[in-house]
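Student: Could you take me on a close look at the enclosed spaces inside this protein and what surrounds them? I'd enjoy one connected walk through that part.

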Amino acid sequence: MVSFLISLAVLIAGYFIYGRYISNLFGPDPNRQTPCYTKGDGVDFLPMPTWKVYMIQFLNIAGVGPIFGAIMGAQFGTASYLWIVLGTIFAGATHDYLSAMMSLRQDGASLPELIGKFLGSKTRLVMSIFTILLLILVGAVFTSSPASILGAMTRDWFTPENASMNLYMWVIIIFSYYIIATLCPVDKIIGKIYPFFAFCLIFMALGITGYIIVMQPELKEWWDEGAFINREWMKEGNLANIFPMMFVSIACGAISGFHATQSPMMARCMKNETMGRRCFYGAMVTEGIVALAWAAAATYFFGENGLYNAATGKGYDGGTVASLISYNWLGVFGGILALLGVAFAPISTGDTALRSARLIISDFLHIDQKTVSKRLWISLPIFVVTAAILIWSMNDANGFGKLWRYFGWSNQALSVFTLWAITVYLKVSKKNYWVTLIPAMFMTVVTTSFILMLKPGGFGLPYEISVGIGIAIAIFFASLFFLRKGKRG
């Protein structure tokens, strides 16, 4: 309990102390006109109230990530608290805020445009392709995931004799919504329904936190024996190394490259630069608090129930754990919130992912998005590729598992490129670049060692060699950063 409360207090303090420092480092100008006024088009560039920008940004970056990621990370015990707190304050929130403010200063430029400006035109092309593929993966993952959950919940309501038909029905409904949300102006659908679901997600986390504080379930402390590694998990012979596995599992609750694809979308709607810390750094700290609450609850759950469901002989999935905790701790009302949070929150991630893909392509090709026909012309290939990946994943026995694994790695790899681009920007601007250089090097080691040691799907190298190569590559990039001269540092 004490470790949890300390972590919660440090997260909140981090917003006011380190968040203010990062904001002052960037230097927001209250008199500078923002892109929603200078490039207003009534579709993607339009002014929105600050509270609404904050709520939409929070749901954009959160979705189900801080719930499922924290639950998966809870297998490592209270080590997850440390990564959520330190990752959020010094990496994730800094990454989200500075990428958003850079976009704001560059007329709402999308992420690949920012990366290309500071890491070179060739990198811009590569990152445009990489980012679009990641966003399409997100669209596919977050169609399949909520469709499976909703299909299980409504199996007895519709076509009970054919569960697969029920699943396909939800896939069609969710994907049809994505098409509409991607094409409509940002204030017509996203601006109206996102604040409500963001409130549900926050309220659910507050309920979990309140239960922990009032009921005081027996939570392990950092100093307890076996607190950092679940001993039952280790006895099964399936222990995964904390580094780098935990740092990829807990992404959205600490740092996530996907966030930087969403920040420009809200940067195009922000009325004043001074609201950046609240909307971007604050949204990430809020997500960290959500992840911390679920990590504590899941750590307790696994301690009481083990990591495997005795009835099925399989590991607990995130949706099952979230639903059980919500029903058992918060009652019927908690169950309703679980339905909203676990089933509908991922949908809010999928639609903005495909929307961001449209914006990136339009920026790359310099095509304005004022007319529906131009939006449709750009979006149609995105929809076709996403649908093809969906069909493949649904016909492959382990399709969703493969999608999630590559999504997790590519998501963190994108954060690496974003952090290096921000670091170059700070150096060129003659500002303290160490605030992102250290996280950039750390995440370079994480993503490199993860893909090198991953099997199947990666290179399957031994752990020590993988980590050693990761460290060497991080040092190499840092050397290039310090040795290169000129406009891009």
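Tutor: Happy to! Let's begin with the lining of the second largest cavity, whose residues divide into six nonpolar, two polar and no charged. Please keep in mind that this is a predicted model. The residues around this cavity are Ser99, Met102, Leu111, Leu114, Ile115, Thr418, Ala421 and Ile422. Three elements give two or more residues each to that lining: H6, helix H7 (111–119) and helix H17 (399–428). The space they enclose is about 30 Å³.

How many cavities of 30 Å³ or more does a search of the whole structure find? There are two, and the largest has a volume of about 60 Å³. Around the largest cavity you will find Ser110, Leu111, Thr261, Pro264, Met265, Arg268, Ser356, Leu359 and Ile360. Here the elements that supply two or more lining residues are helix H13 (257–267) and helix H15 (318–365). By type, the lining of the largest cavity splits into five nonpolar residues, three polar and one charged. Leu111 is worth a pause in your viewer, as it appears in the lining of the largest cavity and also in that of the second largest.

From the cavities, let's turn to a pocket. H7 and H17, which help to line the second largest cavity, also give two or more residues to the lining of the second largest pocket, as do helix H18 (434–453) and helix H19 (463–483). That pocket holds about 520 Å³ of space. Its lining has 20 residues, and those closest to the pocket centre are Leu119, Phe417, Trp420, Phe477 and Leu480. The largest share of the lining, six residues, comes from H17. Sorted by type, the pocket lining has 12 nonpolar residues, six polar and two charged.

Finally, let's follow H6, another contributor to the lining of the second largest cavity, to one of its helix contacts. The axes of helix H6 (residues 79–105) and helix H12 (residues 242–249) come within 11 Å and cross at roughly 60°. That angle makes H6 oblique to H12, and the crossing is right-handed. Which residues make the contact? On H6 they are Ala79, Ser80 and Trp83, and on H12 they are Ile242, Met246 and Phe247. Five of these contact residues are nonpolar and one is polar, with no charged residue.

Note on methods: Residues numbered from 1 in each chain as written. Predicted model: local features only at pLDDT ≥ 70, side-chain atom pairs only at ≥ 80, totals over all residues. Heavy atoms only, no water. Axes fitted to C-alpha atoms, helices over the stretch in contact; angles between N-to-C directions. Helix = DSSP H or I, 4+ residues; strand = E, 2+ residues; numbered from the N terminus. Parallel < 35°, antiparallel > 145°, perpendicular 65-115°, else oblique. Left-handed = near helix turned anticlockwise from the far one by under 90°. Contact = heavy atoms within 4.5 Å. Nonpolar A, V, L, I, M, F, W, Y, C, P; charged D, E, K, R; others polar. 1 Å grid on protein atoms, 1.4 Å probe; cavity = no way out; pocket = protein on both sides within 12 Å on 5 of 7 lines; lining within 4 Å. Points joined across faces, edges and corners; volume = space filled by probe spheres on them.
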